[in-house]
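Morning, everyone. I have one structure to take you through today. Please have a look at it on the screen.

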Amino acid sequence: MAGYTVRRLDEIPGVPDPDPGDPEWKPVRHHFGLEAFGANVFVQPEAGGRLVEEHRELDTKHQELYVVLTGRAEFVVDGEPYDCVAGTCVAIRDPQVSRRAIAVEPGTSVLAIGATPGQAYEISSWDSKWTSGLPQAKEDS
């Protein structure tokens, strides 16, 4: 057993959002069988389209890290706008801080990683609902 897998982002099957204009969701955590933290990529093909819905992590108490992988996004963190080009990291330590993002350029993608400090990660019910039946990557050998 190798214990690792290497894949390109475009090899991870996406889950299209049923709401028009929402980003394609690439369930990275599920694809690789990761259980220690949440990890997803959101890809927005249209400029002006939503990448990250406005939310706070009041229930889960997650800390989250967003990394703009491609394109350009506008993050709004606690009401403050930030122009984020590829390579920009947005770290949210306080779960009460509101956050959202839209794509400024078509094809913008954002990696989101999160977990609750000091607790074992639990896979959310919405994650399980959307990923049940999706294939997982085989390990490389």
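What share of the 141 residues of the protein chain counts as buried? The figure is 38%. Keep in mind that this is a predicted model.

Let me start with the layout. The protein chain has two helices and nine strands. From the N terminus on, the order is β-α-β-β-β-β-β-β-β-β-α. The radius of gyration is 15 Å, and the globule rule gives 14 Å for 141 residues, so the chain is as compact as a globular protein of that length. Along its principal axes, the C-alpha trace spans about 45 × 35 × 30 Å.

Now contacts. Take pairs of residues at least 6 apart in sequence. Of those contacts, 66% join residues at least 24 apart.

Next, the surface. About 8,300 Å² of the protein chain is exposed. Carbon and sulfur atoms supply 52% of that area. On charge, there are 13 positive and 23 negative ones. Their mean positions lie 2 Å apart.

Let's zoom in on one strand. In a regular strand, side chains alternate between the two faces of the sheet. Strand β7, residues 89–92, shows this alternation. Which of its side chains are buried? Val90 and Ile92 are, and they point to one face. Cys89 and Ala91 point to the other face and are not buried.

What does β7 pair with? Its partner here is strand β4, residues 63–70. The pairing is antiparallel and runs over four bridges. Within it, Leu65 stands opposite Ala91.

On to the backbone. Most residues other than glycine have a negative phi. I picked out two residues that have a positive one. Lys61 has a phi near 65°. Where is Lys61? In the loop between β3, residues 50–55, and β4. Its relative accessibility is 43%, so Lys61 counts as partly exposed. The cut-offs matter there: buried is under 20%, exposed is over 50%, and partly exposed is in between.

The second case is Asp78, with phi near 50°. Asp78 also belongs to a loop, the one between β5, residues 72–77, and β6, residues 80–85. At 47% relative accessibility, Asp78 counts as partly exposed.

Two more residues, then I'm done. First, Pro106. Is Pro106 buried or exposed? Exposed, because its relative accessible area is 57%. Pro106 lies in the loop between β8, residues 99–103, and β9, residues 108–115. What does Pro106 touch, leaving out residues up to four places away in sequence? Gln44, Pro45, Glu46 and Ala47. One distance for reference: Pro106 and Val68 are 38 residues apart in sequence, and their C-alpha atoms are 13 Å apart in space.

Second, His31. This residue lies in helix α1, residues 28–32. Is His31 buried or exposed? Buried, because its relative accessible area is 7%. Now set aside its neighbours within four places in sequence. His31 is then in contact with Arg7, Glu11, Ile12 and Pro13 on the one hand, and with Pro135, Gln136 and Ala137 on the other.

To recap the two: Pro106 is an exposed loop residue, whereas His31 is a buried helix residue. That's my tour. Thanks for listening.

How values were computed:
Residues are numbered from 1 along each chain as its sequence is written. This is a predicted model: local features need pLDDT of at least 70, side-chain atom pairs count only at pLDDT 80 or more; totals for chains, interfaces and linings use all residues. Side-chain values use heavy atoms; hydrogens and water are left out. The radius of gyration is taken over C-alpha atoms; the globule rule is 2.2 Å times the number of residues to the power 0.38. Buried means under 20% relative accessible area, exposed over 50%, partly exposed in between (1.4 Å probe, protein chains only). Contact means heavy atoms within 4.5 Å. Accessible areas come from the Shrake-Rupley method with a 1.4 Å probe; for residues, only the protein chains shown count as cover. Lys and Arg count as positive and Asp and Glu as negative; His and the chain ends are not counted. The place of a charge is taken as NZ of Lys, CZ of Arg, CG of Asp or CD of Glu. Two strands pair if DSSP finds at least two bridges between them.
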